[in-house]
Amino acid sequence: MWYPHNTTEKEKHVTIVLSYTGRVMTEQANTEGIVGLDEPKKMTREDWRKKKELEEQRKLGNAPAEVDEEGKDINPHIPQYISSVPWYIDPSKRPTLKHQRPQRENEQQFSAIGEWYKRGVQENSVASKFRKGACENCGAITHKKKDCLERPRKVGAKYTGTNIAADEHAQIHLDLDYDGKRDRWNGYDPEEHQRIVEEYAKVDLAKRTLKAQKLQDELASGKLDQSEREHASEDEDEDKYADDIDMPGQNFDSKRRITVRNLRIREDTAKYLRNLDPNSAYYDPKTRAMRENPYYNTGMNPDEVGYAGDNFVRHSGDTITMAQTQLFAWEAYERGSEVHLQADPTKLELLHRSFKVKKEDFKEKQRESILEKYGGEGYLDAPPRELLLAQTEDYVEYSRHGAVLKGLDKAVARSKYEEDVLINNHTCIWGSYWKDGFWGYKCCHSMVKQSYCTGEAGIPTTSSTCLPLDGGLNELEEEEQPKTLLEMHQEKMKDKKKKKKSKKNKKKHNSDSSDSEDEEKKKEKLKKALDAEAKRLKHVEVMMQLDERKRPYNSLQEVKEPTEEEMEAFRMKRSRPDDPMASFLGQ
């Protein structure tokens, strides 16, 4: 770049070089006119250190904060590149945060809160003749004929020139902000509410006037005393309804007129207090719901408890029937039937009933066809399994002492006779006392059945004199004197010797006759076994001729180990295919 010989270094620095469309334009200006474009001078070490110390003191709060051009404090923790104005824009400006705040000149202006569309028509100006450009139907200048909301006239105002309608208000354009567009009370006139208040005040005044007139008439007629009138005047305020009405769950203070709502009625029990076991039903504190039964693990019947969980309501009453009907409606709609539970409930109910009848008929026909084909109708009418095998599937858990922990205890079997029946002044039943092989009453020790009770006073008399009746009067047995141990031992030895002698004599006498008797018994048993085997073979032949589907089951027959006679009869009756005389056995 070429410069004149007398150009200084500062003038060279401020030369602006512009390159456009292949041309280079240079401009020189005096240093006095462009002072604002000078670069910032380089700071010395001492100035830089002082500046940093001042910034630290401002951050610690020991030095006052820097003030911008508008007189507002600048946060010392804000970085310099945000608060300082760039040197190439205006180095003379002080640090500021104006560019961070909303710019008033750039903000969009919205309508005020009191501005709204004008309603009705202009009452001041009403035209007397038709004006050019007005509505041909009603004569208003603010709209055209196609926008007219009045009833079409037979002859418009353009031709009659009479009954010119008033002009509507020229509506303003509202530019609402985000909140203004969503304000439900925007455009509401508070005077409308004042009219409602005044109307209710007039009604209240009329009621008070009628009530005062009624009390005056009753006092004049003598129906009402002066004391009653004073009491009635105190209760003129009809808002004191809670003085005489005790509402559940509320405490009303008539002096302060404050209604205090309790959290719950005192008679109610909170759901989480039903069962304090932490493993019981879960209680949701947010929705205050307890879906499961809190008494589930206690063995209590859900029908007997006061609260059985929120799910109990869903499975009680007509809820199940309603759910079944709704399910039937969905299935019927999928198959082409135009039914709906809410739209046509009567049609759906009739259709559901007919479907149930047809379904039961189909099941009955199917059951009859199966029984006719396979048989076994007698097994369907069998008594319940509990009666056959004395077994149930009811779970009962016992402790080591025999007490029931879970489940229901077995019912005590009662006889067909009356129990615990006390007669003839007895306090105990017959059989509650036992002595010397006879039954009696424990209350009086009487051995005579259906006798009259004498109480404790008759116990010594009964034990000494009263005798039991067993088909007549039994004589008193003579009391035997107690034997010594030696005498008892000698008697035992004599009895043993007698038993040994009797056994030897029986063996000798029965040894000869026992062999012959055993052979006869064996022959009789073998004969019975042969007859039974013959019957079994005939039954097998009959069963083999029947169809497999019609053969009865043999699962209920008792299976025992065969005896020797039965095995012998089976061997004798068994047919062997390799026996040459097998074909002659049946002849």
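# Briefing on cores, cysteines, salt bridges and backbone

W87 is placed in the loop that runs between helix 3 (80-83) and helix 4 (157-160), and with a relative accessible area of 36% this tryptophan is partly exposed. The structure is a predicted model, and the points below take up its nonpolar groupings, its cysteines, its salt bridges, one buried glycine and two backbone angles. Among the totals, the structure holds 16 salt bridges and zero disulfides.

**Nonpolar surface and cores**

- Together with Y88 and I89, W87 makes a nonpolar surface patch of about 360 Å².
- In soluble globular proteins, nonpolar side chains tend to be buried together.
- The largest nonpolar core here consists of six residues, namely F328, A329, A332, V339, L341 and L348, and helix 9 (residues 319-334) gives the most to this core, with three residues.
- Within that core, A329 touches V339 and L348, when residues up to four places away in sequence are not counted.
- A second core, separate from the one just described, has five residues, including C135, C138, C148 and A165.

**Cysteines without a disulfide**

- A disulfide is a covalent bond between the sulfur atoms of two cysteines.
- The structure holds zero disulfides, and C443 is accordingly in none, with the nearest cysteine sulfur, that of C453, lying 3.5 Å away.
- For C444, too, the closest cysteine sulfur is in C453, and because the separation is 4.0 Å, the two sulfur atoms are too far apart for a bond; the cut-off that this reasoning needs is that the sulfur atoms be within 2.5 Å.
- Both cysteines count as buried, C443 at 11% relative accessibility and C444 at 0%.

**Salt bridges**

- Side chains of opposite charge can pair when their charged atoms come close.
- D167 and R131 meet through their side chains in a salt bridge with an N to O distance of 3.0 Å; because D167 lies in the loop between helix 4 and helix 5 (178-181), while R131 lies in the loop between helix 3 and helix 4, the pair ties together parts that are 36 residues apart in sequence.
- The two partners of this bridge fall into separate accessibility classes, since D167 is buried, with a relative accessible area of 8%, whereas R131, at 26% relative accessibility, counts as partly exposed.
- R58 forms a salt bridge with E66, in which the closest N and O atoms are 3.5 Å apart; R58 is partly exposed, with a relative accessible area of 22%, and E66 also counts as partly exposed, at 27% relative accessibility.
- E364 and R367 form a salt bridge whose closest N and O atoms are 3.9 Å apart, and because these two residues are three residues apart in helix 10 (residues 345-374), they are separated by about one helical turn.
- E364 is partly exposed, with a relative accessible area of 38%, and R367 counts as partly exposed at 37% relative accessibility.
- Elsewhere, E46, R49 and E53 are joined into one network by salt bridges that share partners.

**A buried glycine in a loop**

- G309 is located in the loop between strand 4 (258-261) and helix 8 (311-314), where this glycine is buried, with a relative accessible area of 2%.
- Although G309 and M290 are 19 residues apart in sequence, their C-alpha atoms are 5.8 Å apart in space.
- Leaving aside residues up to four places away in sequence, G309 touches M290, R291, E292, N293 and P294.

**Positive phi outside glycine**

- Most residues other than glycine have a negative phi, and most peptide bonds are trans.
- N424, which is not a glycine, has a positive phi of about 50°; N424 sits in the loop between strand 6 (404-406) and strand 7 (433-435), and its relative accessible area of 33% makes this asparagine partly exposed.
- Q450, likewise not a glycine, has a positive phi of about 60°; Q450 is placed in the loop between strand 8 (438-440) and helix 13 (459-464), and this glutamine is exposed, with a relative accessible area of 57%.

Conventions
Residues numbered from 1 in each chain as written. Predicted model: local features only at pLDDT ≥ 70, side-chain atom pairs only at ≥ 80, totals over all residues. Heavy atoms only, no water. Core = buried A, V, L, I, M, F, W, Y, C linked by side-chain atoms within 4.5 Å. Buried < 20%, exposed > 50% of the residue type's maximum accessible area, 1.4 Å probe, protein only. Helix = DSSP H or I, 4+ residues; strand = E, 2+ residues; numbered from the N terminus. Contact = heavy atoms within 4.5 Å. Patch = residues over 30% accessible without salt bridge, like charges linked within 9 Å, V, L, I, M, F, W, Y side chains within 5 Å. Areas by Shrake-Rupley, 256 points an atom, 1.4 Å probe, with all protein chains shown as cover. Salt bridge = Lys/Arg side-chain N within 4 Å of Asp/Glu carboxyl O.
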